[in-house]
Amino acid sequence: MTTFALTRTDHPTSADERAAIVAKPVFGANFTDHMALATWAVGQGWHSREIVARRPFELHPGAATFHYGQEIFEGLKAFRQPDGGVALFRPDKNAARFASSARRLAMAPVDEADFVAAVTELVDLDRDWVPSPEGEQSLYVRPFEIASETLIGVRAAKEYTFCVIATPVGPYYPDPVTLWATPNYTRAAEGGTGAAKCGGNYAASLAAADEAAEHGCGQVIWLDGAEHRWVEECGTMNIMFVTAAGELVTPALTGTILDGVTRDSLLTLAPEHGLRPVERRIAIDEVFDGVGSGAITEVLACGTAAVVTPIVGFAAPGVNGSDRRFTVGDGTPGTISQAIRAHLLDIQYGRAEDRHGWLRRV
Ligand SMILES: Cc1ncc(COP(=O)(O)O)c(C=O)c1O
């Protein structure tokens, strides 16, 4: 029994073209043949659940999402398994976060079972688009929801569209990353939308990302909005610190940080790598001092797209317009970061035992 009524595309991508795309996927460049859709309206709830040929949306230019930014999204991956099957990684976590994002943006939450059904049924149908594990390839699944009511006037919309699309991908950050501690921008403030995965958070981060690039860094390390002192996360990843005392330290979830699925997974795996997981506040000066003194031995950032990305350095504003620069360890990826990264990938690709029941076969 499927939840989403299926109408197959009548113009599928040819097997040759698909094979060429899947053999060497470029992150987010190509999409599978189908998409899942559902609509919500006041008085009707969610209805018209269907999987159809992927096609452009037709929306009135007055649709609320264009004007007031009611938009949320998720990102999760499907992995090719050793027996040729396909598995999703912890889709229930994304379903729960999607509902929580919806509530923060005053949108209609998608029932968590419907979210998982939409993702599973789409990936099942388009399973030939799931690449082989070589080169850390996978199928990235992008569920999202928009306010589709035509509405000029600020209030919560009375009509929403839920959609799931999927794109075969390779690595997001092929190389280790250096982070810029921007003095000019904050990502989130208490009471804001930092814990929600909404498009507006990302739009607001782009100027800071440009600033990071101007300072020779690949990403921003976000500090809290009130004191500009406490470490929060990175552009599209949570951040973690391996200490000489054998801890895996990550900023506690205070409502301004995204509750990452990868973050939770690494905290769970930490003891298997001899690390004690610690969630607490950590000041940026403690980070800079710690990488200098060796109290912090490794820094890593983690997220679905980026997996585990070694952070090899930081830059921050210094005196007279020059930057202060900090190198983590010897400036190359640390051994624990690499081991925990390999462990996570081994679970995701079905090469290591899934002791925590994280994989969901499609
Ligand atoms: C701002 C931000 N923080 C953290 C993460 C990591 O979350 P997850 O591990 O669920 O992908 C992401 C990616 O989704 C993100 O965009």
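In this predicted model, a backbone N or O atom of valine 261 lies 2.8 Å from an oxygen atom of the ligand. The protein covers 96% of the 380 Å² of accessible area that the ligand has on its own, and the ligand sits in the largest pocket. Two elements give two or more residues to the shell around the ligand, namely α7 (261–269) and β15 (296–303). The shell comprises 16 residues, of which the closest are Lys197, Tyr202, Glu233, Thr262 and Thr304.

Two side chains from that list also make polar approaches to the ligand. A polar side-chain atom of tyrosine 202 is placed 2.5 Å from an oxygen atom of the ligand, while a polar side-chain atom of glutamate 233 is placed 2.5 Å from a nitrogen atom of the ligand. The table sets these beside the backbone approach of valine 261.

| Residue | Protein atom | Ligand atom | Distance |
|---|---|---|---|
| Tyrosine 202 | polar side-chain atom | oxygen | 2.5 Å |
| Glutamate 233 | polar side-chain atom | nitrogen | 2.5 Å |
| Valine 261 | backbone N or O atom | oxygen | 2.8 Å |

The cysteines are considered next. A search of the whole structure finds zero disulfides, and two of the cysteines can be followed in detail. For cysteine 163, the closest cysteine sulfur belongs to cysteine 198 and is 18 Å away, so the two are too far apart for a bond. Cysteine 163 counts as buried, because its relative accessibility is 1%. For cysteine 217, the closest cysteine sulfur is that of cysteine 234, and because the separation is 11 Å, this pair too is too far apart for a bond. Cysteine 217 is likewise buried, with a relative accessible area of 6%. A disulfide would require the two sulfur atoms to lie within 2.5 Å.

Backbone geometry draws attention to two loop residues. Arginine 90, although it is not a glycine, has a positive phi of about 50 degrees, and it occupies the loop between β6 (86–89) and α3 (91–104). With a relative accessible area of 9%, arginine 90 is buried. Histidine 228 is another residue other than glycine with a positive phi, in this case near 55 degrees, and it is found in the loop between β10 (219–223) and β11 (231–234). How far histidine 228 is open to its surroundings is given by its relative accessibility of 27%, at which it counts as partly exposed.

A further loop residue, glutamine 137, is located between α4 (112–125) and β7 (138–147). Its relative accessibility of 9% places glutamine 137 among buried residues, and the side chain of glutamine 137 reaches the backbone oxygen of glutamate 134 at 3.1 Å.

Finally, strand β16 (residues 307–317) contains threonine 309, which is buried with a relative accessible area of 1%. Measured against the chain, threonine 309 and alanine 118 are separated by 191 residues in sequence, and their C-alpha atoms are 29 Å apart in space.

Conventions:
Residues are numbered from 1 along each chain as its sequence is written. This is a predicted model: local features need pLDDT of at least 70, side-chain atom pairs count only at pLDDT 80 or more; totals for chains, interfaces and linings use all residues. Side-chain values use heavy atoms; hydrogens and water are left out. Buried means under 20% relative accessible area, exposed over 50%, partly exposed in between (1.4 Å probe, protein chains only). A residue is near a molecule or strand if one of its heavy atoms lies within 4 Å of it. A polar contact is a pair of N or O atoms within 3.5 Å; within protein, one must be able to donate a hydrogen and the other to accept it, and residues adjacent in sequence count only if both atoms are side-chain atoms. Accessible areas come from the Shrake-Rupley method with a 1.4 Å probe; for residues, only the protein chains shown count as cover. On a 1 Å grid over the protein atoms alone, a cavity is a set of points where a 1.4 Å probe fits but cannot get out, and a pocket is an open set with protein on both sides within 12 Å along at least five of seven lines; lining residues have an atom within 4 Å of a point. A molecule sits in a cavity or pocket if more than half of its atoms lie within 2 Å of its grid points. Helices (H or I, at least four residues) and strands (E, at least two) are DSSP runs, numbered from the N terminus.
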